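Reader: I'd like to go through this model with you, starting with the charged side chains and then the empty spaces. Could you show it first?

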Amino acid sequence: MNIGFIGLGIMGAPMAANLVKAGHNVTGYDLDPARRDQLVAAGGRAAGSLAEATDADVVITMLPDSPQVEEVVLGPDGVLEHAKPGLLLIDMSTIRPDTSRAVAAEAAGRGVRAVEAPVSGGEKGAVDAVLSIMVGGTEEDFEAALPVLEALGKTIVHVGGPGAGQTVKAANQLVVGGIYALVAEAIVLLEASGVDPHSGMDVLAGGLAGSRILELKRKSMVDRQFAPGFRIDLHHKDMGIAVAAARQAEISLPVTALVAQLIAAARAQGYGALDHSALLKVLENASGRTAA
Ligand code: NAD
C-alpha cells in the first residue's frame, strides 16, 4: 500500500520503518528535516509537504497532542483538504476523545474513512512492532485499518466508536502513571532503609507486584537513567485527558488526580523532557533524598 506517515518522532520513526519492512511504500513528513532523513535511511521517502504525504491510500498521523492533530488534519492545507475520496486516515496520536470524534465527523463529511488508534508499549514496543493498539471507529473502517496495524502491533482491539480508543488510552495512562509512582516509592523506601534496590526490585518483579514496567524499567530507574522514552510532558498531557474524561463521565478518580499532581510536579521541577520514570525524582525530593 502507499502510506503517508506524518509525525516521525520517538514513536513514529520506528513505526514508519516497520511499515517499510512489511513491504509498504511509505512517504513520511515531519517538521524536523532530520526526522525525514531518518525515514529515507530506513527505506522510505521524504515528503516535502503535508499535501505530498497525503497523496496515498492510507495516512497515519503520530503527533504529540490535540492541537497538532487539529492543525495537520483539520487545518487549512491539512490532510482532509488534500485527501482523495476513500482515503483511510489512522490517527495513532494520544489526544482528547472529543478531538477524535471531531476528526471522524469532519472526515466522514468529506468521504474520508477515519479511525483513531492510540498505542501502548512505548518506544520498545514500537521498535519491536508489538504495540497494543486500541481502535475507535466503525467496524468497517477498523477492518480496513487492520492489515496496516498488524505491521505495528500485536494486541489490536476494536474498542468502540469514535473517541472510544482515546478513552481506553486514558485508562491505560492512569494505570501506567500510578504504577510508576508506586515503583518510585518502593525504590525510595529500599534505599532509605539501606537495602540494595537492585536485588529488592528484582524480587518484586517476580512476584504479585510484577508488571511490564518493573520488567523493563526497574534497572534504569535505580540507575537514574531517564533519557526518553516517553516524556513527562506527554504524560502530563495524558493525565489531563484522564482527569477531563472523569469529569465528563461524572465520576471521581482520586488516585488518578493525585498521580496527575505528582506528574505536574515533575514538570514544574524541570523534568518535563525526561522519561516518565523520572517521577522517581519527585518522590525522592519529597523525602529530601535527591540522588546525584
Ligand atoms: P515526539 O515528540 O517524539 O514526536 C512527535 C513528532 O511530531 C516530532 O518529530 C515533531 O517534529 C512532529 N510534529 C509536531 N508537529 C508537527 C506538524 N504540525 N507537522 C508535522 N510533524 C509534526 O512524540 P512521541 O513520543 O513519538 O509521541 C507521539 C504520540 O504518541 C503522542 O501523542 C504520545 O502521547 C503518544 N505515545 C508515545 C509513547 C512513547 O513512549 N513515546 C507511547 C505511546 C503513545
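Reader: Is Lys-124 buried, partly exposed or exposed?

Author: A word on the ground rules: this is a predicted model, where local features need pLDDT of at least 70, side-chain atom pairs count only at pLDDT 80 or more, and totals for chains, interfaces and linings use all residues. Residues are numbered from 1 along each chain as its sequence is written, and side-chain values use heavy atoms, with hydrogens and water left out. Buried means under 20% relative accessible area, exposed means over 50%, and partly exposed is in between (1.4 Å probe, protein chains only). At a relative accessible area of 47%, Lys-124 is partly exposed.

Reader: Which residue does Lys-124 meet in a salt bridge?

Author: A salt bridge here is a side-chain nitrogen of Lys or Arg within 4 Å of a carboxyl oxygen of Asp or Glu. The partner is partly exposed too, with a relative accessible area of 38%. At 2.7 Å, N to O, the side chain that Lys-124 meets is that of Asp-128.

Reader: How far apart in helix 11 are Arg-212 and Glu-215?

Author: These two form a salt bridge, with the closest N and O atoms 2.8 Å apart. Helices are DSSP runs (H or I, at least four residues) and strands likewise (E, at least two), numbered from the N terminus. Because Arg-212 and Glu-215 sit three residues apart in helix 11, their separation is about one helical turn.

Reader: And Arg-224 with Glu-284: are they buried or exposed?

Author: Their side chains meet in a salt bridge at 2.6 Å, N to O. Arg-224 is in the loop between helix 11 and helix 12 while Glu-284 is in helix 14 (residues 279-286), so the pair ties together parts 60 residues apart in sequence. As for cover, both Arg-224 and Glu-284 are buried.

Reader: How many salt bridges does the count come to?

Author: Some of them join up: Glu-70, Arg-96 and Asp-98 are linked in a network of salt bridges. By the 4 Å rule, the count comes to 13.

Reader: Now the empty space. Which elements give two or more residues to the lining of the largest cavity?

Author: On a 1 Å grid over the protein atoms alone, a cavity is a set of points where a 1.4 Å probe fits but cannot get out, a pocket is an open set with protein on both sides within 12 Å along at least five of seven lines, and lining residues have an atom within 4 Å of a point. Grid points are joined across faces, edges and corners, and a volume is the space filled by probe spheres set on the points. The largest cavity holds about 70 Å³, and its lining includes Asp-91, Val-103 and Glu-116. The elements you want are helix 6 (97-109) and strand 6 (113-116).

Reader: What is the volume of the second largest cavity?

Author: Among its lining residues are Tyr-180, His-235 and His-276. Helix 9 (164-192) and helix 12 (232-248) each supply at least two residues of that lining. The volume of the second largest cavity is about 30 Å³.

Reader: Which peptide bond is cis?

Author: Look at the loop between helix 11 (212-222) and helix 12, where Gly-229 has its place. With omega near 15 degrees, the cis bond runs from Pro-228 to Gly-229.
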